[in-house]
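Student: I would like to learn how to read a structure, one feature at a time. Can we go through this one together?

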Amino acid sequence: MEDIARRVLEMVGPGVEAEVFVGHTALALTRFANSFIHQNVADATTSVRLRLHADGRTASGSTTVTTDEGLAGLVRRTRDAARLLPPDPGWPGLAPPAPLAGEGNWDQATAQAAPDARADRVRAFVDAAGGLETAGYCRTMHAAGAFANSAGQSVSGRTAEVAMDAIVRVGGADGLARLASGRLSEVDGAVLGARAAAKARASTGAVELPPGRYEVVLEAPAVADLLQNFALYGFNGKSYNERRSFAEPGAEQFDKAITLADDTLGPTGLGLPFDAEGTPKRRVTLVSSGVTEAVAHDRRTAAEAGGAESTGHAVPGGGTFGATPASMRLEPGPVTGEPVELGAVVDPAAAPLVAAVERGLLVTDLWYTRVLDPKSLVVTGLTRNGVWLIEDGEITTPVRNFRFTQSYPQALAPGAVLGVGAEVTTVPDGWGAAWRTAPAIHLASWNFTGGASG
Amino acid sequence: MTHFDAATAAVQAALDAGARYADARVMHRRYEAMSARNGDIEELSQSEDAGIGVRALVGSGWGFYAVPDLSDAAARAAGGRAAKTAAASARVPGPAADLVPVGAGAGSWASACQIDPLAVPLSDKGDLLVHATKTMREHGADVAEGLYQIWDTEKWFVSSEGHRIDQHIRECGAGISSTAIGEGEVQRRSYPAHRGQYGTSGWELVQELDIGAHAARVADESRALLTAPLCPAGETTLILGGEQMALQIHESVGHAIELDRILGWEAAFAGTSWLDLDQLGSLHYGSELMNITIDPTIPGALGSFGFDDEGTPAARRDAVREGRWVGVLAGRDSATVAGLDYAGSVRADGWSRLPMVRMTNVGLEPGPHTLAEIVAATDDGIFMETNRSWSIDDRRLNFQFGTEIAYEIRNGRQGRMLRNPTYTGIGPVFWRSMDMLSSESIAWGTPNCGKGQPGQIGHTGHPAAPARFQNVRVGVRG
């Protein structure tokens, strides 16, 4: 890949600022439904992306055709496009040479996982469900990339992922298990299947409760949705520059219990150790003990912000959408008191939070969330894969799904967070592009605006 | 070596490795998109990708493998890998998989295109976006955005049953939006739809949209929305504009009639469907005004093609007739499981993705009225148009939509502008309340339909016209 990157730079020639990324991704996903494998896919793709700045004009292009002819075509199209486009006065320049801050996650066994390894995990999940209906996937992925630019920056890296996301179904109720890891050995289909089955069994016979504001405990999959929307809309440097984000660095916008970071290089990070502009990744603290500290920038949004530096969050095509964190992590809270055992419904990590609720709801997962207003980050969506009523610290009744309409920053505002779990879980997003790592959280209020029947 | 040769080699390799059925698609796609912001070009993306995807059926298990290499050796290796992957599926086997018969043979199809969108000079296309966004900025837009997208896709399909089909599909579209930023919220107006309008068409579609002529209006409206009164909360008579109707159809009918969802194949991610096959032919889905068709033959609509990605020729079919549910979007294997005798709605997002059940053009046949007549016949209600947000549950029942703008309707006349309009409901209850439908139908294009794992983006079309609904809950807020 480094060779392809060098060849493309040579084809571009002197006098032009150019950057080249060559990426190879091998993705394999074994999908099951009705307790059998119905889709089993894999692909291996190498792509080349070129961005150049010539005579004050900027253009970019990409191709999967890596023959000499294909690469020459990429260079020709991109140079032609640059000549025809208007000047780009906001060009921030290329990333300067800089060493990587770490290697990121890599595991050979995960990268080389065969179809049988994924099928075996599916088999174990299905068997652990004890004859109940199951559906979901087991995915392995590895990616390698090489970046080079005409300013002398040259970096390469690799990363690997395994993820399992599946449900057990019984009587119209679903129980969920969702986990991402950098190591194949850490994903056990039997453990996940048993957990999902227990939750499904405990969800049967759900009752409908009236909408309204409820105290809630959100488990990690639900918290991951908050992190995703914060990443896309709140801590996006472009949204911030355009005043479409709620983020105000220096302001106490969250409860003191909230510390948020993006950390690709840490144990719960996914991705290459550099961004689309070749800027090395590093841990970026976005919120520290409730105080917003930073937003994610690429080189252009950093320059537009004035005095900021790229935080290593450039993404391909980010000129339109902006810079977004892909390895968001909500830091866990302190361990408090003795371990609490609340049965199979509650993940052990959430049990102490549930025990502290007088009357509220335990929510496993959020679904189909969409932003009504990006600035206040008011989001509507539905609960999914299990909701239970909590009374006097005990799980008492399964509850049918709700629709909610809730400002996410307000849900975590000062005084609104009553507890943060002591253990984190890493979950994949649906597109294989990001991980979100979070503990369960206990919130004073969540605005449910409709029931399952309307 | 031709692309047909590569596909044939891949299919043969899969059969040699034990597959009892195999097919292969070679695809070559060029994509171009340009965005402008506040009078400047923001980004130009041009990409080219080409590769081959092979599908193999071994016993009852499917396998799929794809590579971006069209050499004979790579195609054969991909065929073998697809069969090997299918064999691994036998570790968790399902019922016997068969394919509903379709006519096999040679075919060729191309979408109509008067002006090749990739041949239009970049400078002309840039000027269009720069002018429109500059105009919006001059009219008070805090953020003025414009976008066009072009896809030029060629496919070569070969199956072990004898299919040998090539297609050339050109799609494009464009749109603009103005964002006005207030103290605590932002307001947006778009034309002709959020992210634009798209079709299987040449650049003539973008010319017809005439986005520059609408720039001043959308900017003015976005600013006016900042001080408009809030959409009231309660139950009322709701009139939806055609573009919002298109998304209403997409989300609460199109996805619900996907056979793979009905069969539970999407249960863990996209979800299932509230529809039960036992009720196919008898279920009362909506009012008698509701006639929904599945029609990939509509010229220029975004979900049009000559053959789907299993080689089934495009054909029109009823999904809902006079309010009764009568048809589904099906593939060859799902149709067999469901005991149906038709397929034709399977497509893949590129050569590297498995073909799956997708909407084609799922649309509402026009009604007898005009929007003006519907407004004139409404004593008390709200008119909403242009989608801003959408959310629906995993069975496609409970939905909540937000639109960019709304107007009061009082005594048959359009009144005050309203901001932050939302409405919510349950699919069949909502559709049964439709009591007036306009004849002013447009085939709206949705270029961003997400489904599947790994994720795929689908292009779908939705003929739709303004319509009126009774007793709808509006004004849901956080």
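Student: Which residue stands opposite A:Val162 in β6(A)?

Tutor: Keep in mind that this is a predicted model. As a general idea, strands of a sheet pair through backbone hydrogen bonds, either parallel or antiparallel. Here A:Val162 stands opposite A:Ser181 in β6(A). The pairing of β5(A) with strand β6 (residues 173-181) of chain A is antiparallel, with nine bridges.

Student: What joins the two strands at their ends, and which residue in the turn has a positive phi?

Tutor: β5(A) and β6(A) make a hairpin with two residues between them. A:Gly171 in that turn has a positive phi of about 55°.

Student: Which strand is joined to β5(A) by 16 bridges?

Tutor: That is strand β4 (residues 133-149) of chain A, and it runs antiparallel to β5(A). To follow one bridge, start at A:Tyr137, whose partner in β5(A) is A:Asp165. These two strands also form a hairpin, with four residues between them. In its turn, A:Gly152 has a positive phi of about 105°.

Student: Why is strand β5 of chain A described as largely enclosed?

Tutor: Count its buried residues. Of the 17 residues of β5(A), residues 154-170, 13 are buried, so the strand is largely enclosed by the rest of the structure.

Student: How do I read a sheet with several strands, and what is the strand order in the open sheet of chain A?

Tutor: Write down the order, then look for the edges. The six strands follow the order β10-β9-β8-β11-β18-β17 (chain A), and their pairing is mixed. At the edges are β10 (291-292) and β17 (425-428) of chain A, each of which pairs on one side only. Inside the order, strand β8 (residues 260-262) of chain A meets strand β11 (residues 327-330) of chain A in an antiparallel pairing of three bridges. The partner of A:Leu260 in β11(A) is A:Leu330. A helix belongs in this picture too: α6 (residues 220-234) of chain A lies across β11, β17 and β18 (435-438) of chain A, at about 120° to β18(A).

Student: And two helices: at what angle do α3 and α5 of chain B pack?

Tutor: Two packed helices are described by the angle between their axes and the distance between the axes. For helix α3 (residues 122-138) and helix α5 (residues 215-227) of chain B, the angle is about 35° and the axes are 8 Å apart. The crossing of α3(B) past α5(B) is right-handed. On the α3(B) side the contact is made by B:Ala132, B:Thr135 and B:Met136, and on the α5(B) side by B:Ala215, B:Ala216, B:Val218 and B:Ala219. By class, these residues are six nonpolar, one polar and no charged.

Student: Where are the domains of chain A?

Tutor: The domain assignment gives domain 1 as 2-201 and domain 2 as 206-454. Their centres, taken over C-alpha atoms, are 23 Å apart. Domain 1 of chain A puts 40 residues into the contact and domain 2 puts in 35. On the domain 1 side, β6(A) supplies the largest share, eight residues. That side of domain 1 of chain A has 19 nonpolar, 12 polar and nine charged residues.

Student: How many residues of each chain are in contact with the other?

Tutor: 78 residues of chain A touch 67 residues of chain B. Strand β2 (residues 36-54) of chain A gives the most to the chain A side, with 11 residues. Strands pair between the chains as well: strand β3 (residues 57-63) of chain A and strand β2 (residues 40-58) of chain B are parallel, over four bridges. There, A:Thr63 stands opposite B:Glu48 in β2(B).

Student: Which backbone features should I look for in the loops?

Tutor: Most residues other than glycine have a negative phi, and most peptide bonds are trans. A:Ser35 is not a glycine, yet its phi is positive, about 65°. This residue sits in the loop between β1 and β2 of chain A. A:Arg243 also has a positive phi, near 60°, and lies in the loop between α7 (237-241) and β8 of chain A. For peptide bonds, take the one from B:Tyr191 to B:Pro192, which is cis with omega near -10°. The bond from B:Gln453 to B:Pro454 is cis too, with omega near 0°.

Student: Is A:Ser35 buried or exposed?

Tutor: A:Ser35 is buried, with 22 other C-beta atoms within 10 Å. A:Arg243 has 14 such atoms and is partly exposed.

Methods. Residues are numbered from 1 along each chain as its sequence is written. Chains are lettered from A and ligands numbered from 1 in the order in which they are written. This is a predicted model: local features need pLDDT of at least 70, side-chain atom pairs count only at pLDDT 80 or more; totals for chains, interfaces and linings use all residues. A residue is buried if 20 or more other C-beta atoms lie within 10 Å of its own, exposed if 12 or fewer, and partly exposed in between; C-beta atoms are placed from the backbone. Two strands pair if DSSP finds at least two bridges between them. Axes are lines fitted to C-alpha atoms, for helices over the stretch in contact, and angles run from 0 to 180 degrees between N-to-C directions. A crossing is left-handed if the near helix is turned anticlockwise from the far one by less than a right angle, and right-handed if clockwise. Two residues are in contact if their C-beta atoms, placed from the backbone, lie within 7 Å. Ala, Val, Leu, Ile, Met, Phe, Trp, Tyr, Cys and Pro count as nonpolar, Asp, Glu, Lys and Arg as charged, and the others, Gly among them, as polar. Domain bounds come from an automatic or database domain assignment.
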